[in-house]
Amino acid sequence: MCGIVGYIGDQKASDVIIKGLKRLEYRGYDSAGIATLNGKLLIKKSVGKVAALEENLTNSALDGNAGIGHTRWATHGEPNDVNAHPHTAQHKKFALVHNGIIENYDVLKKQLEQKGHSFATQTDTEVLAHLIEEIHESETMDFEKAVQLALNQVQGTFGIAVVHQDYPDMLIAARRGSPLLIGINGSEHFIASDASPIIEFTNKVVYLDDDEMAIIRNDSYEVKTIKDVPLTKSVHELAMSLEQIEKGGYEHFMLKEIYEQPQTIADCMRGRLMVDENRIQLGGIEAVVDKITNANRLIIAACGTSWHAALVGEYMFEYLAKKRVEVEYASEFRYQDPLVDENDVLLVISQSGETADTLAALREAKKRGATVIGICNVVGSTIARETDAGVYTHAGPEIGVASTKAFTAQVVVLAMMALQIGLRKGTIDEEQMRELIRHLDEVPEKVDQILNNQDNIKELSKLFTYAPNFLYLGRSYNFPVALEGALKLKEISYIHAEGYPAAEMKHGPIALIDQHMPVVVIAATDHTNEKMVSNIEEVRARKGRIISITNSNNGDVNRLSEFSITIPHTHDCFSPLLTVIPLQLIAYYIAVNRQCDVDKPRNLAKSVTVE
Ligand code: F6R
């Protein structure tokens with residue numbers, strides 16, 4: 001949430017920063033701003049996307065070889081030019097960009113007002129800028145020290161970058177709860193919320209941890225805690241490539257990411273799904289696999305789409321491994337005084353690895369003695385680093401705000417974990433394992449078939465582009481897919497949509513059905529088929545418009561549906577990996593037809609780093 005880029009080196013800082021902000025725009029895009037040093041502090045801000053800021057810069061370029069930039073997802077203060085970052089204080093000698101929330105900003109603001117400070121914006125960030133200035137000027141404190149002391153007075157979360165006109169060869173960065181890394185390339189250095197803005201310049205990074213700050217110059221950097229303890233940090237090499245974060249000819253990142261799924265699912269299974277040896281090898285959890293197998297309960301915590309993957313995982317673990325699973329909203333977990341102890345394993349799932357609520361759930365469970373494992377996509381992310389063990393999804397960078405390929409990769413990891421534990425526990429025998437592994441191995445090919453045969457999806461999306469509501473129904477493994485289909489549609493097309501377990505429909509939602517209501521039924525030929533057919537009849541009897549996701553041989557469902565999207569057959573457990581694909585495409589095409597900004601839907605951000 002909010003993207004930060006900083007640069008110091010030989011290049012024109014504003015060029016590097018604007019380019020970087022564009023790559024970070026998925027983290028927030030309601031306003032953007034930049035500050036550079038060129039003898040004095042120069043600042044430009046614009047409401048709207050980074051392109052608006054870029055346009056603003058063409059009229060008056062910002063020179064200088066050091067600077068910071070920000071793309072915002074508003075928490076305090078409406079999105080406008082004034083509230084956009086960077087922020088300054090009374091004397092406008094330095095500028096600050098911030099990701100996170102200063103929770104005690106109100107108290108600090110009142111104290112500063114009593115000392116004569118007046119504020120130009122409604123943001124919490126400006127309060128931090130004034131606090132730094134107050135300490136720096138009234139206590140004639142070294143600037144770097146003033147930043148450090150101010151951060152010690154702050155409650156809440158921050159990832160910050162700071163430039164000061166009297167210190168033209170220095171950038172300061174600090175973090176608590178909001179991700180930040182330093183990129184190193186000989187005589188130039190970068191600050192960034194994640195690796196995407198810097199990957200074209202360097203693959204060498206240092207990750208800041210909580211309550212750490214960095215003093216960065218052209219040719220050197222030092223890292224210390226905000227309590228002033230010097231640290232030696234390891235330099236990591238990124239495996240990401242520039243190609244992975246570009247659109248590669250697709251109109252939107254979301255479409256590219258949908259189409260990448262045959263590859264990302266295969267990548268996720270590579271070296272792990274050992275077809276010939278009839279076993280699963282998940283190196284990242286090897287050390288804790290006994291613990292998972294014997295744990296009292298497996299609790300899975302996640303948010304949004306990752307939470308939907310967790311629900312699919314629950315069905316898989318209970319069926320394949322006979323393992324007790326509880327799925328929790330990460331955002332609620334710590335408020336329920338959770339009954340978790342050392343006999344439990346908490347599995348957190350997060351594409352970004354930075355979701356604040358998921359991180360808080362992880363820390364809560366750890367505090368209570370549970371073993372904490374993770375499924376993350378972003379390598380080196382905070383959640384990946386704080387879990388005891390984990391499995392990366394290897395889906396590559398997901399830039400579209402609506403999650404697609406991360407979901408299928410998460411489900412694949414959950415399937416592999418459930419199979420591995422099931423085999424260990426003896427709830428699956430060798431023969432069943434062979435059959436299940438074969439099915440899983442065939443998934444990429446089947447996803448490819450769906451993607452190569454989706455003209456009817458485009459067509460039906462046209463028909464339903466202006467429907468005001470949608471209902472999604474599924475049972476068993478495909479109940480979470482119904483939730484996911486509804487979420488995809490509402491977040492990118494702004495159409496109201498609800499997902500339900502199909503049988504729940506008659507307990508209320510059926511009242512909504514009339515001839516105007518599209519009802520998407522996920523009815524793969526599985527053990528729930530007969531019951532799904534009855535639900536479809538119920539919808540038809542009320543003139544609902546049925547769009548089914550089903551198999552070609554599913555005669556009853558095909559006959560009863562106004563539109564059928566057929567998918568290849570697979571084992572019941574793995575059907576979410578196929579049924580979700582048409583739902584992603586329906587949401588995508590409807591959003592495009594409605595001329596919505598598919599990759600950057602309103603009010604959303606990719607990485608939700610505030611609670
Ligand atoms: C929906 C979506 C969000 C995320 C959620 C969790 O398309 O992207 O619902 O799934 O914010 O994010 P991660 O997985 O990064 O923890």
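Modeller: A polar contact here is a pair of N or O atoms within 3.5 Å; within protein, one must be able to donate a hydrogen and the other to accept it, and residues adjacent in sequence count only if both atoms are side-chain atoms. The model is predicted, with local features needing pLDDT of at least 70 and side-chain atom pairs pLDDT 80 or more, whereas totals for chains, interfaces and linings use all residues. Residues are numbered from 1 along each chain as its sequence is written, and side-chain values use heavy atoms, leaving out hydrogens and water.

Biologist: Which residue places a polar side-chain atom 2.9 Å from an oxygen atom of the ligand?

Modeller: T305 offers a polar backbone atom, 3.0 Å from a ligand oxygen, and V401 likewise a backbone N or O atom, at 3.3 Å from a ligand oxygen. The polar side-chain atom at 2.9 Å from an oxygen of the ligand belongs to K488.

Biologist: How much of the ligand's accessible area does the protein cover?

Modeller: Accessible areas follow the Shrake-Rupley method with a 1.4 Å probe. On its own the ligand has 410 Å², and the share that the protein covers is 90%.

Biologist: Between which domains does the ligand lie?

Modeller: The shell has 15 residues (a heavy atom within 4 Å), with S306, S350, S352, T355 and E491 coming nearest. Domain bounds come from an automatic or database assignment. Two domains both give residues to this shell, so the ligand lies between domain 2 (248-441) and domain 3 (452-600).

Biologist: Which residue joins P86 through a cis peptide bond?

Modeller: Most peptide bonds are trans. In this model, however, omega is about 5° at the cis bond that links P86 to H85.

Biologist: What is phi at D337?

Modeller: Most residues other than glycine have a negative phi. D337 is not glycine, yet its phi is positive, near 45°.
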